[in-house]
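Visitor: I've never looked at this one before. Could you walk me through it, one question at a time?

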Amino acid sequence: METTGLLSFPSSKPPLSRTHFRPSNPLSLSFPTTHKTFVSHRPITIKSAISRTKKEETVELVKTQLENCYLLAAIKYTGFTVKQFQDFRRSLPESSKLIVAKNTLVYKAIEGTPWEALKPCMTGMNAWLFVHTEEIPEALKPYRDFQKEKKLENDFTGAVFEGKFYGPDDFKQLETMPSRAEIYAKILGALQGPAIGLVGTLQAPARDVVMVLKAYVQKLEEESGGQ
């Protein structure tokens with residue numbers, strides 16, 4: 001007997017479905033891995049650029065403050081509240097400037113200058129006090145008063161004055177330096193007194209001698225102008 005149809009054998013693979021390969025929108029294909037990698041790198045690059053710019057601005061700010069600066073001191077900043085810091089900053093005279101900056105940025109600004117003697121202070125968190133006046137005791141007094149009023153344990157960690165480093169135990173020398181008026185009076189008295197008084201004055205620190213000579217020149221100018 002002849003057969004009228006072909007024999008069919010079942011396939012081991014599942015039947016193909018057209019809907020299985022057809023996306024809901026054939027024109028929009030997404031590649032999530034590539035897309036995510038591209039987007040994630042842009043903000044990091046921008047953030048790094050901003051951070052680098054801020055660091056450069058901080059270094060330049062420190063360098064600017066070092067101009068006409070007589071003393072640079074470091075104050076232990078750990079434990080300060082925002083309000084305490086703001087109150088202390090408001091208590092400072094115009095001749096002083098208080099800045100909070102990372103040690104690495106401050107050191108970058110002072111490296112290769114006489115201020116590099118402040119290197120021992122480059123640990124922990126510091127606030128930096130820039131003093132733009134010769135009246136050193138008067139410039140340090142506001143922090144001592146603030147420290148006593150608020151009962152703070154935070155102290156000076158060091159300072160540089162005339163290229164010399166002063167540690168925390170040496171601040172008494174800075175805080176008891178004679179004022180300009182006291183130096184003038186001392187010099188003028190020595191110049192008007194016996195020669196031994198002048199010799200004693202000339203043996204004083206260089207800063208005192210310079211101040212005395214300035215006072216003497218000023219006195220001569222005033223006397224000349226009065227004649």
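A first walk through the model

Guide: Happy to. Keep in mind that this is a predicted model. Of the 227 residues of the protein, 31% count as buried.

Visitor: How many helices and strands does the protein have, then?

Guide: Start at the N terminus and read along: the elements run α-α-β-α-β-α-β-α-β-β-α-α-α-α. Tallied up, that makes nine helices and five strands.

Visitor: What share of the contacts with a separation of 6 or more comes from residues 24 or more positions apart?

Guide: Here we're looking at contacts between residues with a separation of 6 or more along the protein. Those between residues 24 or more positions apart make up 73%.

Visitor: And how much of the exposed surface do carbon and sulfur atoms supply?

Guide: The protein exposes about 16,300 Å². Of that area, carbon and sulfur atoms supply 58%.

Visitor: Let's go to the strands. Which strand pairs with β4 over five bridges, and which over three?

Guide: Strand β1 (residues 71-76) runs antiparallel to β4 and is joined to it by five bridges; in that pairing, leucine 71 stands opposite phenylalanine 161. On β5 (residues 164-166), tyrosine 166 is the bridge partner of alanine 159. So the five-bridge partner is β1, and the three-bridge partner, also antiparallel, is β5.

Visitor: Is strand β4 enclosed or open?

Guide: Strand β4 covers residues 156-161, and five of its six residues are buried. Because of that, the rest of the structure leaves this strand largely enclosed.

Visitor: Which residue in the hairpin of β4 and β5 takes a positive phi?

Guide: Two residues sit between the strands of this hairpin. The one with a positive phi, near 55 degrees, is glutamate 162.

Visitor: Is asparagine 126 buried or exposed?

Guide: Asparagine 126 is found in strand β3 (residues 126-131), and its neighbours farther off in sequence include Ala74, Tyr77, Val100 and Cys121. Its relative accessibility is 3%, and under 20% counts as buried. So asparagine 126 is buried.

Visitor: Which side chains make polar contacts with the side chain of asparagine 126?

Guide: One polar contact, of 3.4 Å, leads to the side chain of threonine 157. Another, of 3.2 Å, leads to the side chain of asparagine 103. The names you want are threonine 157 and asparagine 103.

Visitor: How far apart are the end C-alpha atoms of helix α5, and does that agree or disagree with its length?

Guide: Helix α5 runs over residues 136-150, which is 15 residues. At 1.5 Å a residue, it should span 21 Å. The prediction agrees with the distance between its end C-alpha atoms, 22 Å.

Visitor: What do the buried residues of α5 pack against?

Guide: The buried residues of this helix include Ile136, Leu140, Tyr143 and Phe146. An α-helix has 3.6 residues a turn, so residues three or four places apart point the same way. The packing partners are β1, α3, β2, β3, β4 and α6.

Visitor: And glutamate 135: which residues does it touch, leaving out those up to four places away in sequence?

Guide: Glutamate 135 lies in the loop between β3 and α5. With a relative accessible area of 17%, it is buried. The residues it touches are Ser179 and Arg180.

Visitor: Last one: how many disulfides does the structure hold?

Guide: Cysteine 69 is buried at 11% relative accessible area, and cysteine 121 is buried at 2%. A disulfide would need a pair of cysteine sulfur atoms within 2.5 Å. The number of disulfides is zero.

Technical notes. Residues are numbered from 1 along each chain as its sequence is written. This is a predicted model: local features need pLDDT of at least 70, side-chain atom pairs count only at pLDDT 80 or more; totals for chains, interfaces and linings use all residues. Side-chain values use heavy atoms; hydrogens and water are left out. Buried means under 20% relative accessible area, exposed over 50%, partly exposed in between (1.4 Å probe, protein chains only). Helices (H or I, at least four residues) and strands (E, at least two) are DSSP runs, numbered from the N terminus. Contact means heavy atoms within 4.5 Å. Accessible areas come from the Shrake-Rupley method with a 1.4 Å probe; for residues, only the protein chains shown count as cover. A polar contact is a pair of N or O atoms within 3.5 Å; within protein, one must be able to donate a hydrogen and the other to accept it, and residues adjacent in sequence count only if both atoms are side-chain atoms. Two strands pair if DSSP finds at least two bridges between them. The expected span of a helix is 1.5 Å times one less than its number of residues.
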